[in-house]
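The following exercises concern aromatic contacts and strand pairing. Each task is followed by a solution in steps.

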Amino acid sequence: MDNGAVYDVGIIGGGIIGLATAMALVQSGVHSLVVLEAEGRLAAHQTGNNSGVIHSGLYYKPGSLKAVNCVAGREALVRFCQEQGIAHQACGKLVVATRKDEISALDALEKKGLANGLKGLRRLRAAELKEYEPHVAGIAGLWVAETGIVDYVTVCEKYAGIINVGGGEIRLNFRLKRVKKNGRELVLHSGHDEVRCRNLINCAGLYSDRVARMCGVKPGLQIIPFRGEYYKLVPARQDLVRNLIYPVPDARFPFLGVHFTRMIAGGVEAGPNAVLAFKRQGYHRWDFSLRDAAQLALYPGFWIMGSKFWKMGLGEFYRSFSKKAFVRALQRLLPAIQTADLNPGGAGVRAQALAANGSLIDDFRITEAERMVHVLNAPSPAATASISIGRSIAAIALKNFALRR
Ligand SMILES: Cc1cc2nc3c(=O)[nH]c(=O)nc-3n(C[C@H](O)[C@H](O)[C@H](O)COP(=O)(O)OP(=O)(O)OC[C@H]3O[C@@H](n4cnc5c(N)ncnc54)[C@H](O)[C@@H]3O)c2cc1C
């Protein structure tokens with residue numbers, strides 16, 4: 001497209017949600033679109049640093065956007081991987097209760113899974129756990145056959161290929177800094193370049209609230225970055241884990257607890273800690289951004305959340321600095337694991353939306369505005385659910401925007 005051209009749709013963010021949305025639009029016959037990505041590569045943030053799990057749909061409130069899109073998205077993703085020849089495995093996972101007081105939460109999880117239509121659930125007694133994971137210790141468990149593994153960067157590369165073939169464009173190194181409304185057009189400025197479009201879809205992940213404000217839309221929430229820190233099992237000890245081993249999650253928090261995940265490319269990850277990050281893309285313990293930290297400190301919701309969860313937060317910080325404490329948490333599931341079995345792994349930063357009243361926003365949040373759609377909360381399992389979320393956003397765009405096809 002020449003420089004003077006105006007795109008029908010500008011999509012901000014080349015993570016899995018922006019790309020899945022662009023793919024769905026192209027497949028609906030919309031060709032005048034551009035994906036604008038700040039980094040020099042696609043899937044550079046949440047998508048490229050995630051655990052590679054194809055979630056089953058076990059954890060989510062029946063009827064929620066997470067539940068509906070996870071189940072539909074999982075089925076669509078597995079089909080997509082089969083069609084496109086992407087390596088993936090439906091290896092299943094084991095959820096393990098290690099304390100009596102977790103049994104009622106395990107019951108609730110099983111009920112949710114059934115309500116969400118999972119067919120491969122099997123409730124296990126202590127002795128049956130070892131059929132699936134010989135080294136695990138627990139008093140009861142739940143086998144979840146529908147869980148799988150994949151590499152989401154490879155998935156994104158395939159989405160990008162379909163966008164390009166369908167006539168859509170992808171521009172890297174375009175960090176949106178300012179949006180100007182010019183009659184029917186939106187002028188998107190990166191500082192050294194500009195792109196014009198008629199409609200905008202915000203899929204900026206960790207920056208989705210800021211992009212909304214740039215567009216003159218009040219997001220009604222703030223993104224709080226939580227860093228997930230991982231270890232890797234040394235090769236000689238990888239046989240301690242066959243597939244995926246998870247604890248029973250604490251229903252008060254949006255995280256799943258430290259677990260073991262076999263990766264599709266080989267190796268086993270253990271983690272994560274979930275530590276508040278003082279920089280939105282802060283992958284290292286000492287990363288700090290004055291702007292990000294000040295924005296946290298000035299947000300009333302942050303202090304309300306802090307007053308509720310400070311104890312848990314301190315525990316996570318402690319585990320972040322103490323490998324011994326981290327190993328103790330893992331030993332609840334796998335008693336044989338030792339400090340020497342773990343090497344430092346990578347980290348990923350989650351965008352967690354927080355309301356001004358201090359409540360963590362659990363479900364996906366997609367907000368419509370004039371000539372815009374803003375994806376303001378797309379945490380896990382959004383990678384699993386991406387094809388379904390992308391289709392839903394494309395449907396909103398086709399309904400609200402006057403798109404040429
Ligand atoms: C540690 C971790 C583990 C996870 N594990 C799983 C899992 O196993 N399974 C699963 O289903 N989900 C998992 N998730 C969740 C999943 O990865 C995310 O929900 C999903 O990747 C969100 O995709 P996204 O496109 O919204 O965000 P992102 O992948 O973060 O993409 C947003 C993009 O927008 C770009 N951007 C931001 N601001 C601008 C701007 N101003 N201009 C231009 N571009 C901009 C960024 O550079 C980025 O590339 C995990 C997440 C994390 C962090």
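**Exercise 1.** Determine whether Phe80 and Tyr159 are buried or exposed, and classify the geometry of their rings.

*Solution.* Step 1: buried denotes under 20% relative accessible area, exposed over 50%, and partly exposed the range in between (1.4 Å probe, protein chains only). Both Phe80 and Tyr159 are buried. The model is a predicted one, in which local features need pLDDT of at least 70, side-chain atom pairs count only at pLDDT 80 or more, and totals for chains, interfaces and linings use all residues. Residues are numbered from 1 along each chain as its sequence is written, and side-chain values use heavy atoms, with hydrogens and water left out.

Step 2: rings of Phe, Tyr and Trp (its six-membered ring) pair if their centres lie within 6.5 Å; planes under 30 degrees apart are stacked, over 60 edge-to-face, and the rest tilted. This rule yields six aromatic pairs. Among them, Phe80 and Tyr159 have ring centres 5.2 Å apart and planes at 70°, and the pair is therefore edge-to-face.

Step 3: helices (H or I, at least four residues) and strands (E, at least two) are DSSP runs, numbered from the N terminus. Phe80 belongs to helix α2 (residues 65-84) and Tyr159 to helix α5 (residues 152-165); the pair links distant parts of the chain, 79 residues apart.

**Exercise 2.** Classify the pair formed by Tyr132 and Trp143, and state which elements hold these residues.

*Solution.* Step 1: the ring centres of Tyr132 and Trp143 are 4.2 Å apart with planes at 25°, so this pair is stacked. Step 2: Tyr132 lies in helix α4 (residues 126-132) and Trp143 in strand β7 (residues 140-144), so the contact ties together parts eleven residues apart in sequence. Step 3: Tyr132 is buried, at 18% relative accessible area, and Trp143 is buried as well, at 13%.

**Exercise 3.** Identify the sense in which strand β12 pairs with β1, β11 and β19.

*Solution.* Step 1: two strands pair if DSSP finds at least two bridges between them. Step 2: β1 (residues 6-12) and β12 (residues 194-202) are parallel over six bridges, and Val9 has Asn199 as its bridge partner in β12. Step 3: β11 (residues 185-189) runs antiparallel to β12, joined by four bridges, with Val187 opposite Arg196. In this hairpin, which has four residues between the strands, Gly191 adopts a positive phi near 105°. Step 4: β12 and β19 (residues 372-377) pair in the parallel sense over three bridges, and Asn202 stands opposite His374.
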